[in-house]
Amino acid sequence: MSEAALTNDPESTAGLQRRDAAHHIHPFTDTAALNAEGARVVVSGEGCWITDSDGKRILDGMSGLWCVQIGHGRPEIAEAVHRQMTELSYYNTFFKTTHKPAIALAERLARLTPAHLNHVFFTGSGSESNDTVIRMVRTYWDAVGKPEKKTIISRWNAYHGSTIGGASLGGMRAMHGQGGMPIPGIVHIPQPYWFGEGGELDPDSFGTWAARELAHAIEAQGPDTVAAFIAEPIQGAGGVIIPPDSYWPEIKKICADYDILLVVDEVITGFGRLGTWFGSDYYDLKPDLMPIAKGLSSGYLPIGGVMVGDRVADVLIDDTGEFFHGFTYSGHPACCAAALENLRILEEEGVVEHAAKIAPYLQERWRALGDHPLVGEARMVGLMGALELVPSKPSRTIRFDNEGEVGTMCRDFSLKNGLVMRAVRDSMIIAPPLVITRDEVDQLIDRASKTLDDTLDALSKAGRLPS
Ligand SMILES: *Cc1c(COP(=O)(O)O)cnc(C)c1O
């Protein structure tokens with residue numbers, strides 16, 4: 001077929017890109033810039049690999065968007081969803097009704113999550129879960145006779161979703177800049193980002209400082225007005241920010257001292273990402289509320305929820321009356337069936353144990369990339385890691401001009417080399433499927449290493465490195 005005929009074929013890569021550009025506005029995308037370049041069309045996935053419309057196989061170092069714990073393309077999930085859809089494709093859980101998949105999933109989650117979390121409120125996504133958190137936290141304090149406790153404290157550069165509530169809880173300044181956020185009653189404190197913001201302090205002193213910023217914010221707001229603190233155990237979208245060891249113990253103490261609720265956003269860290277079932281297990285946290293999504297269904301169908309601790313559940317169930325909140329798709333039967341089958345696979349195939357076992361090997365090889373001239377820090381916990389790209393080392397304080405440009409360049413090289421890495425500012429992120437094998441770890445590291453060389457080469461040719 002001639003070049004021109006191929007381009008006219010609506011199912012060719014060029015045809016698909018043209019049709020995508022004509023009618024599709026992409027999330028978190030400069031759509032005009034994308035349309036000029038053409039989107040990569042992903043056509044299939046299996047295990048840790050995706051294949052694009054040109055037949056190129058790419059190692060999915062990001063598990064889609066941090067969610068495909070069990071890998072792509074497991075037929076058991078498709079079969080479980082098919083069975084459920086044949087029996088009951090949809091019914092709601094409002095108005096005194098329920099159904100078997102919602103019952104079974106609630107029961108399973110109560111068993112798998114930390115001991116004091118025994119109830120779930122179902123949502124369709126992580127963002128909806130965090131909007132639910134705002135409603136629940138404030139309703140809780142109303143019900144216990146402290147309605148002045150309304151303010152929720154979060155961190156700069158946190159990510160809690162993209163609805164108005166979720167984005168307001170989040171600390172992404174670019175997001176706040178579009179659409180009048182944050183909503184009132186949400187306050188942000190510094191993040192425990194030692195590499196970027198630790199200055200002259202050692203990691204543990206900085207971690208303690210960052211935690212005490214919570215106490216300072218509570219005092220500044222007035223302790224009687226603060227309802228909750230929300231945080232990811234490890235910030236994901238913010239750039240895999242791993243807090244110093246001193247951080248979480250101090251945060252726990254402050255929440256207890258001031259009697260504010262602790263909300264631990266486990267949308268990424270839940271379901272095995274850190275080699276434990278939950279980030280709360282890893283850091284020994286006792287969240288009052290725990291938003292979940294992503295790995296709950298390994299992304300096969302959209303479903304999320306808020307795990308509700310006994311303290312809040314007792315009040316919400318016994319003292320609140322009707323909770324005027326819910327979604328048409330809360331506990332959607334097909335999504336629950338996908339989640340149940342995903343959890344069965346995680347448990348029966350020992351996927352979380354596998355993650356814990358493979359993590360030290362990936363970490364060792366990942367940290368060795370820290371010797372590359374472009375890498376200022378290589379960090380990883382469980383199976384989520386980051387490489388901080390810097391123009392010269394050792395140089396925590398020296399950053400590239402035009403933040404994000406080098407990260408994007410490196411990301412593009414990575415895809416060319418057959419590896420999905422994500423760029424956050426000028427750092428590179430990975431969070432591969434939990435089922436990754438030793439051989440795939442080697443391939444991931446080889447490709448990441450070549451990508452760093454390619455980036456260094458391009459920067460040096462462009463005269464962007466100090467001589
Ligand atoms: C992805 C994410 C969310 C939002 O989830 P969506 O399903 O995209 O709405 C919330 N919190 C964290 C920590 C996330 O990573």
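Student: Which strands does helix 16 (residues 351-368) lie across, and what angle does its direction make with strand 11?

Tutor: In this predicted model, helix 16 lies across strand 11, strand 12 and strand 14, and it runs at about 170° to strand 11. Since angles are taken between N-to-C directions on a scale from 0 to 180 degrees, a value of about 170° places the helix close to the antiparallel end of that scale.

Student: What makes strand 11 and strand 13 edge strands?

Tutor: The sheet is an open one of 4 strands in the order 11-12-14-13, paired antiparallel. Strand 11 (375-381) and strand 13 (422-424) each have a single partner strand, so one side of each is left without a neighbour in the sheet. Neighbouring strands here are turned by 20° against each other on average, with direction ignored.

Student: How do you know that strand 12 and strand 14 are paired?

Tutor: Pairing requires at least two bridges, and 4 bridges join strand 12 (residues 384-389) to strand 14 (residues 427-430), so the criterion is met. Within this antiparallel pair, Ala386 stands opposite Ile429. Helix 17 (residues 405-416) also packs on the sheet, where it touches strand 12, strand 13 and strand 14, and its direction makes about 175° with that of strand 13.

Student: Why is the sheet with the order 1-2-3 left with a free side on strand 1 and on strand 3?

Tutor: That sheet is an open one of 3 strands with antiparallel pairing. Strand 1 (42-46) and strand 3 (57-59) have a single partner strand each, so one side of each lacks a neighbour in the sheet. The twist averages 30° from one strand to the next. Strand 1 is joined to strand 2 (residues 49-52) by 4 bridges, and Ser44 has Thr51 as its bridge partner. Helix 18 (residues 438-461) lies across strand 2 and strand 3, at about 95° to strand 3.

Student: Why is the largest nonpolar core said to lie between two domains?

Tutor: This core has 61 residues, and those touching the most other members include Leu105, Phe271, Trp366 and Leu444. Helix 15 (residues 333-348) gives the largest share, 9 residues. Domain 1 (40-70 + 351-461) and domain 2 (75-348) both contribute residues, so the core lies between them.

Student: What does Phe271 touch, leaving aside residues up to four places away in sequence?

Tutor: Its contacts include Gln69, Leu109, Trp277, Leu296, Leu343 and Leu434. There is also a second, separate core of 38 residues, with Met62, Trp66, Ala231 and Ile429 among them.

Conventions: Residues numbered from 1 in each chain as written. Predicted model: local features only at pLDDT ≥ 70, side-chain atom pairs only at ≥ 80, totals over all residues. Heavy atoms only, no water. Helix = DSSP H or I, 4+ residues; strand = E, 2+ residues; numbered from the N terminus. Contact = heavy atoms within 4.5 Å. Core = buried A, V, L, I, M, F, W, Y, C linked by side-chain atoms within 4.5 Å. Buried < 20%, exposed > 50% of the residue type's maximum accessible area, 1.4 Å probe, protein only. Domains from an automatic or database assignment.
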